[in-house]
Amino acid sequence: VQLQASGGGLVQAGGSLRLSCVVSGSIFSISTMSWFRQAPQKQREWVASVTGGGSTTYADPVKGRFTISKDNDKNTAYLQLNSLKPEDTAVYYCHIAARSTFFSAEYDYWGQGTQVTVSS
């Protein structure tokens with residue numbers, strides 16, 4: 001199973017970006033797709049999640065500004081980042097909780113991260 005994140009970049013405060021995370025490999029089911037981020041010298045923190053049923057949850061710092069979504073046909077998760085602030089600067093990682101077969105346990109899988117830099 002591989003997760004390929006993309007869409008990061010350099011943007012001015014107030015700007016927008018759209019991150020994508022493509023999941024490939026042998027997947028039977030995905031229960032949750034999430035985004036995390038890690039700023040320099042800080043711990044990785046959860047940003048947003050979307051369940052298999054489409055329910056979404058957000059961390060308080062991004063609520064109202066970020067939107068998580070998914071395309072089941074494309075096995076892709078998205079994170080729309082609006083009204084960006086310098087404190088949103090971080091490496092953004094995608095994550096899934098998934099089973100590779102009907103009988104297998106659920107495992108965590110991580111993408112390689114994409115850099116988002118917001119200038120003031």
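Here is a short chat about the strands, rings and a few single residues of this predicted model.

Me: Let's start with the open sheet of four strands. What order do the strands have?
Reply: It's an open sheet with antiparallel pairing. Strand S1 (2–6) and S7 stand at the edges with a single partner strand each, so one side of each is left without a neighbour in the sheet. Reading across, the order is S1-S3-S8-S7.

Me: By how much are neighbouring strands of this sheet turned against each other on average?
Reply: The sheet in question is the open one with the order S1-S3-S8-S7. Ignoring direction, the average turn between its neighbouring strands is 15°.

Me: How many bridges pair S7 and S8?
Reply: Those two strands run in the antiparallel sense. Within the pairing, Lys70 stands opposite Ala77 in S8. The bridges between S7 and S8 come to six.

Me: Now over to S4 and S5. Which residue in S5 is the bridge partner of Trp35?
Reply: S4 and strand S5 (residues 45–51) are an antiparallel pair with six bridges. They make a hairpin, with six residues between them. The S5 residue that partners Trp35 is Ala48.

Me: What phi does Gln41 have in the turn of that hairpin?
Reply: Gln41 is in the loop between S4 and S5. With a relative accessible area of 85%, over the 50% cut-off, Gln41 is exposed. Although Gln41 is not a glycine, its phi is positive, at about 65°.

Me: And in the hairpin of S5 and S6, which residue takes a positive phi near 100°?
Reply: S5 and strand S6 (residues 56–58) run antiparallel and are joined by three bridges. Four residues lie between the strands of this hairpin. The residue with the positive phi near 100° is Gly54.

Me: Is Ser49 buried or exposed?
Reply: Ser49 has its place in strand S5, and its bridge partner in S6 is Thr57. Beyond its neighbours within four places in sequence, Ser49 is in contact with several residues, including Thr32, Met33, Ser34 and Ile68. Its relative accessible area is 10%, and the cut-off for that class is under 20%, so Ser49 is buried.

Me: Which side chain does the side chain of Ser49 join in a polar contact of 2.7 Å?
Reply: Ser49 sits in strand S5. The polar contact is between two side chains, at 2.7 Å. The partner of Ser49 here is Trp46.

Me: How far apart in space are Asn75 and Cys21, C-alpha to C-alpha?
Reply: Asn75 is in the loop between strand S7 (66–71) and strand S8 (76–81), and it's partly exposed at 28% relative accessibility. Not counting residues up to four places away in sequence, Asn75 touches Cys21, Val22, Val23, Ile30 and Met33. Asn75 and Cys21 are 54 residues apart in sequence, while their C-alpha distance is 8.3 Å.

Me: What about the rings: how many aromatic pairs are there?
Reply: Rings pair if their centres lie within 6.5 Å. Counted by this rule, the number of aromatic pairs is three.

Me: How many residues apart in sequence are the parts that Phe28 and Phe102 tie together?
Reply: Phe28 and Phe102 form an edge-to-face pair, 5.8 Å centre to centre with 85° between the planes. Phe28 lies in the loop between strand S3 (17–24) and strand S4 (29–38), and Phe102 in the loop between strand S9 (90–99) and strand S10 (107–110), so the pair links parts whose separation in sequence is 74 residues.

Me: Which residues form one aromatic cluster?
Reply: Phe102 also pairs edge-to-face with Phe103, at 5.2 Å centre to centre and 90° between the planes. Phe28 is partly exposed, with a relative accessible area of 44%, whereas Phe103 counts as exposed at 75%. The members of the cluster are Phe28, Phe102 and Phe103.

Me: Over which ring does the charged end of Arg44 sit?
Reply: A charge of this kind has to be within 6 Å of the ring centre. The charged end of Arg99 sits over the ring of Phe102, 5.8 Å from its centre. For Arg44, the distance to the ring centre is 3.8 Å, and the ring belongs to Tyr93.

Methods:
Residues are numbered from 1 along each chain as its sequence is written. This is a predicted model: local features need pLDDT of at least 70, side-chain atom pairs count only at pLDDT 80 or more; totals for chains, interfaces and linings use all residues. Side-chain values use heavy atoms; hydrogens and water are left out. Rings of Phe, Tyr and Trp (its six-membered ring) pair if their centres lie within 6.5 Å; planes under 30 degrees apart count as stacked, over 60 as edge-to-face and the rest as tilted. Buried means under 20% relative accessible area, exposed over 50%, partly exposed in between (1.4 Å probe, protein chains only). A charge sits over a ring if NZ of Lys or CZ of Arg is within 6 Å of the ring centre and within 35 degrees of the ring normal. Two strands pair if DSSP finds at least two bridges between them. Contact means heavy atoms within 4.5 Å. A polar contact is a pair of N or O atoms within 3.5 Å; within protein, one must be able to donate a hydrogen and the other to accept it, and residues adjacent in sequence count only if both atoms are side-chain atoms. Axes are lines fitted to C-alpha atoms, for helices over the stretch in contact, and angles run from 0 to 180 degrees between N-to-C directions.
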